[in-house]
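Good morning, everyone. Please keep the sequence and the structure in view while I go from the whole chain to two local regions.

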Amino acid sequence: MIDIDRLGLLYLLCCAVCKSGFGLPAPTCAICPAGQYSNGTTDCTPCPAGSANGVAGASSCTDCTAGLVATSAGSTQCVDCSAGQYAVNATTCESCAAGEQTNSTGDGCDPCGAGTYRASATVGVCTPCGYGKFVAAGLGTSAESCESCAHGSNTTGASGATDQNDCTGALHA
């Protein structure tokens, strides 16, 4: 003799289809947690890397937009890469090269601006050259790439001069 409760559970395990956003293996259909979805199948599925959802009971996941990443399955949100990194295929972050920083959309790198440098992939943002120093745009790959103003002159601002014309008292040709 088969117990009715066991028969009902057997039916759920083999034959039941849950509505979208719900899934098994609970004894009955249960709401899928954030980071997972169900489109009417019998179980909740983690959102694949590169996509996310932040609500329980979702029937799908949303792909990360340009410049954002979800690095692992089951993500509840897409996030920015760290400063000095950019998003690749919405699943990984890669570091910009020395002399570059993350572009405004987060999906690539731009050269450091005039008067700044970025020495390595471990430093997040371009750093201004010190007082009395200058560097042209895109040439700042280390602190040493910042040139000193001519003897007896200094930069007009506190730091980050763009070229020798920003040096006061300098002789110009």
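Helices (H or I, at least four residues) and strands (E, at least two) are taken here as DSSP runs, numbered from the N terminus, and by that reckoning the protein has one helix and 18 strands. This is a predicted model, in which local features need pLDDT of at least 70, side-chain atom pairs count only at pLDDT 80 or more, and totals for chains, interfaces and linings use all residues. Residues are numbered from 1 along each chain as its sequence is written, and side-chain values use heavy atoms, with hydrogens and water left out.

As for confidence, pLDDT being the predictor's confidence in each residue, from 0 to 100, the mean for the protein is 82, and 83% of its residues reach 70 or more. Over residues 1-14, however, the pLDDT is below 50, and beyond near neighbours in sequence this stretch has six contacts (heavy atoms within 4.5 Å) in the model.

Let me turn to a hairpin. Strands S9 (residues 85-88) and S10 (residues 92-95) run antiparallel and are joined by four bridges, where pairing requires that DSSP find at least two bridges between two strands. Gln85 stands opposite Ser95 in S10, and among the three residues between the strands, Asn89 takes a positive phi near 55°.

Finally, is Ser75, in the loop between S7 (68-69) and S8 (79-80), buried or exposed? Ser75 counts as buried because its relative accessibility is 12%, the cut-offs being under 20% relative accessible area for buried, over 50% for exposed, and partly exposed in between, with a 1.4 Å probe and protein chains only. Leaving aside residues up to four places away in sequence, Ser75 touches Gly35, Cys47, Ser51, Ala52, Asn53 and Ala70.
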